[in-house]
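Q: I am in my first year and would like a close look at one part of this protein, the group of aromatic rings that pair with one another. Please take me through the setting first and then through the rings themselves, step by step.

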Amino acid sequence: MKVKPKNAKTAILLVVIIVGAILAMRYFNIGAPRSALRVGYVGNEGWSSWTGKYTTLDGNMQRTLHPKDDVLHIEVETEKGSLSIEIKDSNGAVIFDEDNIGTQSFDIEVSGKVIIRIDADNHKGSFSFTAS
């Protein structure tokens, strides 16, 4: 069977697009693991920050951040429910783990990229992770 040049170019272009999309998803953390019910959720996800405000968050979400500095500033507002945060370094070691966080703000020292996982149980409020 002979392949026409136009079909070969189309096939190559399709493969390049698919590979590019997969690499972009991995590099920019698009499609990060999420298994959460989000009601009234308004969020902002950047290279070195992640924020969310919502009426109800139930389940878990995960995001990789690349802080510019060695300090990650965390703010949590809790009106009801509970929110837990686990942060791992690039080697997978847990550097922060706290359950049922109330309204508070604090800083933690980090080095390089970090993987943040939040677990919410009917949480109403907000969270913010920013490099300071």
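A: Helices and strands are here runs assigned by DSSP, with at least four residues for a helix and at least two for a strand, and they are numbered from the N terminus. With that in mind, the elements of the protein chain run α-β-β-β-β-β-β-β from the N terminus on, which comes to one helix and seven strands. The model is a predicted one, and the values below are computed from it.

A few totals for the chain help to set the scene. Of the 132 residues of the protein chain, 30% count as buried, and the accessible surface comes to about 8,300 Å², with 54% of it belonging to carbon and sulfur atoms. Among the contacts between residues at least 6 apart in sequence, 66% join residues at least 24 apart.

Now to the rings. There are six aromatic pairs in the model, and ring pairs link Tyr41, Trp50, Tyr54, Phe127 and Phe129 into a cluster. A pair of aromatic rings is described by the distance of the centres and the angle of the planes. For Trp50 and Phe127 the centres are 5.0 Å apart and the planes make an angle of 70°, an edge-to-face arrangement. Trp50 lies in strand β3 (residues 49–65) and Phe127 in strand β7 (residues 114–131), so this pair ties together parts that are 77 residues apart in sequence. Both Trp50 and Phe127 are buried.

Trp50 also pairs with Phe129, and here the rings are stacked, with 5.7 Å from centre to centre and 25° between the planes. Because Trp50 belongs to strand β3 and Phe129 to strand β7, the pair ties together parts that are 79 residues apart in sequence. Both Trp50 and Phe129 are buried. At Tyr41, another member of the cluster, the charged end of Arg38 sits over the ring, 4.7 Å from its centre.

What lies between Phe127 and Phe129 in the chain is Ser128, which is also in strand β7. Ser128 is buried, with a relative accessible area of 15%, a value that falls under the 20% limit for that word. Leaving aside neighbours within four places in sequence, Ser128 is in contact with Trp50, Thr51, His73, Ile74 and Glu75. In a regular strand the side chains alternate between the two faces of the sheet.

Phe129 leads from the cluster to the nonpolar core. Not counting residues up to four places away in sequence, Phe129 touches Ser48, Ser49, Trp50, Leu65, Leu72, His73, Ile74, Ile85, Ile116 and Ile118. The largest nonpolar core has 23 residues, and those with the most contacts inside it are Leu72, Ile85, Ile116, Ile118 and Phe129. Strands β3, β4, β6 (104–109) and β7 each supply at least two residues of this core.

It is worth following the strands outward from these residues. Trp50 is the bridge partner, in β3, of Glu45; strand β2 (residues 42–45) runs antiparallel to β3 and is joined to it by four bridges. Together β2 and β3 form a hairpin with three residues between them. Ile85, one of the core residues with the most contacts, stands opposite Glu98 in β5. Strand β4 (residues 71–89) and strand β5 (residues 94–98) run antiparallel and are joined by four bridges, and they form a hairpin with four residues between them, where Gly92 in the turn has a positive phi of about 90°.

Some residues elsewhere in the chain complete the picture. Asp69 has its place in the loop between β3 and β4 and, at 37% relative accessibility, counts as partly exposed. The C-alpha atoms of Asp69 and Ala131 are separated by 5.9 Å, although the two residues are 62 residues apart along the chain. Most residues other than glycine have a negative phi, and most peptide bonds are trans. Asn122, in strand β7, has a positive phi of about 45° although it is not a glycine, and at 40% relative accessibility Asn122 counts as partly exposed. Asn100, in the loop between β5 and β6, has a positive phi near 50° and is exposed, with a relative accessible area of 53%.

Notes: Residues numbered from 1 in each chain as written. Predicted model: local features only at pLDDT ≥ 70, side-chain atom pairs only at ≥ 80, totals over all residues. Heavy atoms only, no water. Pairing = 2+ DSSP bridges. Phe/Tyr/Trp six-rings, centres within 6.5 Å; stacked < 30°, edge-to-face > 60°. Buried < 20%, exposed > 50% of the residue type's maximum accessible area, 1.4 Å probe, protein only. Lys NZ or Arg CZ within 6 Å of the ring centre and 35° of its normal. Contact = heavy atoms within 4.5 Å. Areas by Shrake-Rupley, 256 points an atom, 1.4 Å probe, with all protein chains shown as cover. Core = buried A, V, L, I, M, F, W, Y, C linked by side-chain atoms within 4.5 Å.
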